[in-house]
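Me: Could you walk me through this protein model, one question at a time? I would like the reasoning as well as the answers.

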Amino acid sequence: SADTAYFMPFCNHFFLEPEVAVRYTPDRREFLDFEHYGEYDLFKTESSIEAGTFIRSLGKISAGFMNEYFLYDYSSKFPQDDIGSFVNSFFFHSRMDNINSVVLPEHGTFLELMFKYSNEIFGSEDTYMKIKFTFWQYFQFLRKSSFGFKVFTGMDFATDLPYYDRSFLSYVNAFPGYSNNEFSSRNIIGGVADYKLNIFNLNLGGKREKLFLILRGGVAASYEDFDLFTGGDRDLIYGGGIGLGLNLPHCPIVLEASMNDNRRIMMHLSAGNKF
């Protein structure tokens with residue numbers, strides 16, 4: 001992937017930011033009802049321009065216009081038609097972040113809200129509305145312990161959300177017991193609880209090297225129709241994990257064993273910061 005942006009502040013409190021990005025993901029797996037039924041190379045380009053203001057030194061509120069192109073190039077092992085689509089959309093974005101670490105957080109708050117509206121009047125090939133909300137809260141107690149929770153949701157407001165813009169459980173350590181992109185839906189809501197115990201400190205030349213014991217548990221529900229709080233058909237998933245984390249300044253390392261509601265056991269190793 002590659003991403004470049006030009007940040008232009010004006011009037012002390014406001015900014016304008018054009019951005020261009022491209023991403024290529026080979027051999028990405030596609031799931032339906034948790035079964036692996038497709039594999040494709042994903043190519044995506046994105047260009048946007050947004051204007052906004054700052055929330056003190058913690059975050060920003062902005063709005064803008066985005067152009068995206070998605071190309072799903074399916075593997076010959078899974079004979080499906082390739083998918084290519086242009087999406088032009090208006091978006092609103094609000095973000096606040098004073099979390100001390102994305103990979104191994106101990107204290108702080110992270111809050112993000114994203115609203116996206118795509119319509120044919122913008123020249124888009126699909127018309128839909130989507131909202132994404134994420135909230136993390138972490139705090140330390142008893143000197144060597146920390147506890148936190150993550151709440152997340154993605155909803156499409158009863159529109160015809162295309163597959164490539166559905167809500168996915170992805171990113172490193174997002175949900176124990178499930179691999180990236182294995183769980184996706186038009187509407188999803190869930191949470192993860194996280195406990196860390198500082199087993200001992202390491203002297204590796206830095207100031208904050210700690211070895212953690214990590215315990216995590218999560219639950220999430222997906223709804224194909226927009227009826228999150230009124231019942232209806234839904235899929236529930238559960239997962240739990242135990243692991244070790246080392247917060248090296250430039251390369252935090254996490255090793256975790258996890259199990260999901262189908263009693264499948266997974267091992268996961270990550271090294272490095274998120275971007």
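The questions below go from the whole chain to single residues.

Me: Happy to start broad. How many helices and how many strands does the chain have?

Reply: Keep in mind that this is a predicted model. Buried residues make up 43% of the 275 residues in the chain. As for the elements, the count is 0 helices and 16 strands.

Me: Since it is a prediction, which strand has the lowest mean pLDDT among the elements of the chain?

Reply: The chain as a whole has a mean pLDDT of 85, with 88% of its residues at 70 or more. Among the elements, strand β1 (residues 2-5) has the highest mean, 96. The lowest mean, 73, belongs to strand β10 (residues 167-168).

Me: What share of the contacts with a separation of 6 or more comes from residues 24 or more positions apart?

Reply: The count here takes the contacts in the chain with a separation of 6 or more. Within that set, residues 24 or more positions apart account for 53%.

Me: On to charges. Which residue forms a salt bridge with Lys-210, and how far apart in sequence are the parts that the pair ties together?

Reply: A search of the whole structure finds 9 salt bridges. In this one, the partner of Lys-210 is Glu-106, with the closest N and O atoms 3.3 Å apart. Lys-210 lies in strand β13 (residues 210-223) and Glu-106 in the loop between β6 (83-97) and β7, so the pair ties together parts that are 104 residues apart in sequence. Glu-106 counts as buried because its relative accessibility is 6%, under the 20% cut-off; the partner is Glu-106 and the separation is 104 residues.

Me: Is Arg-216, the partner of Glu-256, buried or exposed?

Reply: The closest N and O atoms of the Glu-256 and Arg-216 salt bridge are 2.8 Å apart. Glu-256 lies in strand β15 (residues 253-260) and Arg-216 in strand β13, so the pair ties together parts that are 40 residues apart in sequence. Glu-256 is buried, at 6% relative accessibility. Arg-216 has a relative accessible area of 10%, so its class is buried.

Me: Which residues are linked in a network of salt bridges?

Reply: Side chains of opposite charge can pair when their charged atoms come close. Lys-44 and Glu-46 form such a salt bridge, with their closest N and O atoms 3.6 Å apart. Lys-44 is buried, with a relative accessible area of 15%, whereas Glu-46 counts as partly exposed at 22%. The network links Lys-44, Glu-46, Glu-68 and Lys-116.

Me: Now for a single glutamate. Which side chain is joined to that of Glu-112 by a polar contact of 2.7 Å?

Reply: Glu-112 sits in strand β7 (residues 108-118) and is buried, with a relative accessible area of 15%. Leaving aside neighbours within four places in sequence, its contacts are His-93, Ser-94, Arg-95, Lys-132, Phe-133 and Thr-134. The polar contact of 2.7 Å is with the side chain of His-93.

Me: What is the C-alpha separation of Phe-54 and Asn-12?

Reply: Phe-54 is in strand β4 (residues 35-55) and is partly exposed, with a relative accessible area of 35%. Not counting residues up to four places away in sequence, Phe-54 touches residues including Phe-7, His-13, Phe-14 and Phe-15. Asn-12 is in the loop between β2 (8-10) and β3 (14-32). The two residues are 42 apart along the chain, and their C-alpha atoms are separated by 9.7 Å.

Me: Where is Arg-143, which has a positive phi value?

Reply: Phi of Arg-143 is near 65°, in a residue other than glycine. At 82% relative accessibility, Arg-143 counts as exposed. Its place is the loop between β8 and β9 (145-155).

Me: Last one: about how much accessible area does the nonpolar surface patch that includes Phe-141 have together?

Reply: Phe-141 is in strand β8 (residues 128-141) and is partly exposed, with a relative accessible area of 32%. The patch is formed by Phe-139, Phe-141, Leu-142 and Phe-147. Together these residues have an accessible area of about 380 Å².

Notes: Residues numbered from 1 in each chain as written. Predicted model: local features only at pLDDT ≥ 70, side-chain atom pairs only at ≥ 80, totals over all residues. Heavy atoms only, no water. Helix = DSSP H or I, 4+ residues; strand = E, 2+ residues; numbered from the N terminus. Buried < 20%, exposed > 50% of the residue type's maximum accessible area, 1.4 Å probe, protein only. Contact = heavy atoms within 4.5 Å. Polar contact = N/O pair within 3.5 Å; in protein donor to acceptor, adjacent residues only side chain to side chain. Patch = residues over 30% accessible without salt bridge, like charges linked within 9 Å, V, L, I, M, F, W, Y side chains within 5 Å. Areas by Shrake-Rupley, 256 points an atom, 1.4 Å probe, with all protein chains shown as cover. Salt bridge = Lys/Arg side-chain N within 4 Å of Asp/Glu carboxyl O. pLDDT = per-residue confidence, 0-100.
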